[in-house]
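Subject: Structure for you to look at

Dear colleague,

I am passing on the structure we spoke about, and below it you will find my notes on what turned up. Please read them with the sequence and the model open beside you.

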Amino acid sequence: MNRERKKAGFTDLFLAFCMMVFLISMAVVITLEFRPLYYRDIKSLKIEETSGYSEEEIRANYDALIDYNVSPFQDKLILPGLPMSEEGEIHFREVKQIFQFFLKLFLISAAAVSVGAVGKTRKKEFRYLKWAGIMTLTVPAILAIPVSMRWDQVFVWFHEIVFDNDYWLFDPVTDPVIRILPDEFFLHCALLIVFITAFGAIGCLILWKKKTTACK
């Protein structure tokens, strides 16, 4: 009996971890794909005025960036009408690798959660949802600390930690794409990721409560 309980406890924690990875990677993927967020920022952040490009040009180049990051088959980034330095191309290639990692993580964790949830449902064991909710809520709680600080400093720290070069320090002359990517937009992306992650975690806790009550 004790061995079975330990096994169930281990599988609960493992499935909860998989659920946490799924929710975080899902939040990143949704944010990456949610183009209306950027389209809205074109107006709210006055990107047309600060960049010198029309909204049509801005949208076309942003869409090219997203299409490049999402597609596993597109090897070269081509920005319509905008030049790009070799360093800029290398940086975007590194960014693509990060996004592709999250896409793979999303698919793998989704498969693991699906298989694990089916098994747990058959046994009417739903503790993993409770642990998934608690574990996942720690992520937005931790992220909220740096996000609430000076965003420009957090933005620099993030790039210094993630990238082992300074190619992310774009020169607007050689890489004018930086003019259409203000720091405030990335802050909005970070907030959306935090919101989606927290929403998913709370959803796990609500579902755990409902399932537990239904089984009594």
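A disulfide is here a pair of cysteine sulfur atoms within 2.5 Å. With that cut-off, a search of the whole structure, which is a predicted model, finds zero disulfides. C204 is therefore unpaired, because the nearest cysteine sulfur, which belongs to C18, is 12 Å away, whereas a disulfide would need the two sulfur atoms within 2.5 Å. C204 counts as buried, at 6% relative accessibility, and C189 is also buried, with a relative accessible area of 13%.

The aromatic residues offer more to look at, since the search of the whole structure finds eight aromatic pairs. One of these is formed by F22 and F106, whose rings are stacked, at 5.6 Å centre to centre and with 15° between the planes. This pair links distant parts of the chain, for F22 lies in helix 1 (residues 2–33) and F106 in helix 5 (residues 86–122), 84 residues apart. The two partners fall into separate classes of accessibility: F22 counts as buried because its relative accessibility is 17%, under the limit of 20%, while F106, at 21%, counts as partly exposed. Elsewhere, ring pairs link Y38, Y62, F185 and F186 into a cluster.

Two tyrosine rings also have a charge placed over them. The charged end of R59 sits over the ring of Y39, 4.0 Å from its centre, and the charged end of K96 sits over the ring of Y68, 4.6 Å from its centre.

Y68 and K96 appear again where two helices meet. The axes of helix 4 (residues 55–70) and helix 5 come within 8 Å and cross at roughly 55°, which means that helix 4 is oblique to helix 5. On the side of helix 4 the contact is made by L65, Y68, N69 and V70, and on the side of helix 5 by F92, R93, V95, K96, F99, Q100 and L103.

Finally, please look at L207, which is found in helix 8 (residues 183–215) and counts as partly exposed, at 38% relative accessibility. L207 and L129 are 78 residues apart in sequence, yet their C-alpha atoms are 7.2 Å apart in space.

With best wishes

Terms used:
Residues numbered from 1 in each chain as written. Predicted model: local features only at pLDDT ≥ 70, side-chain atom pairs only at ≥ 80, totals over all residues. Heavy atoms only, no water. Buried < 20%, exposed > 50% of the residue type's maximum accessible area, 1.4 Å probe, protein only. Phe/Tyr/Trp six-rings, centres within 6.5 Å; stacked < 30°, edge-to-face > 60°. Helix = DSSP H or I, 4+ residues; strand = E, 2+ residues; numbered from the N terminus. Lys NZ or Arg CZ within 6 Å of the ring centre and 35° of its normal. Axes fitted to C-alpha atoms, helices over the stretch in contact; angles between N-to-C directions. Parallel < 35°, antiparallel > 145°, perpendicular 65-115°, else oblique. Contact = heavy atoms within 4.5 Å.
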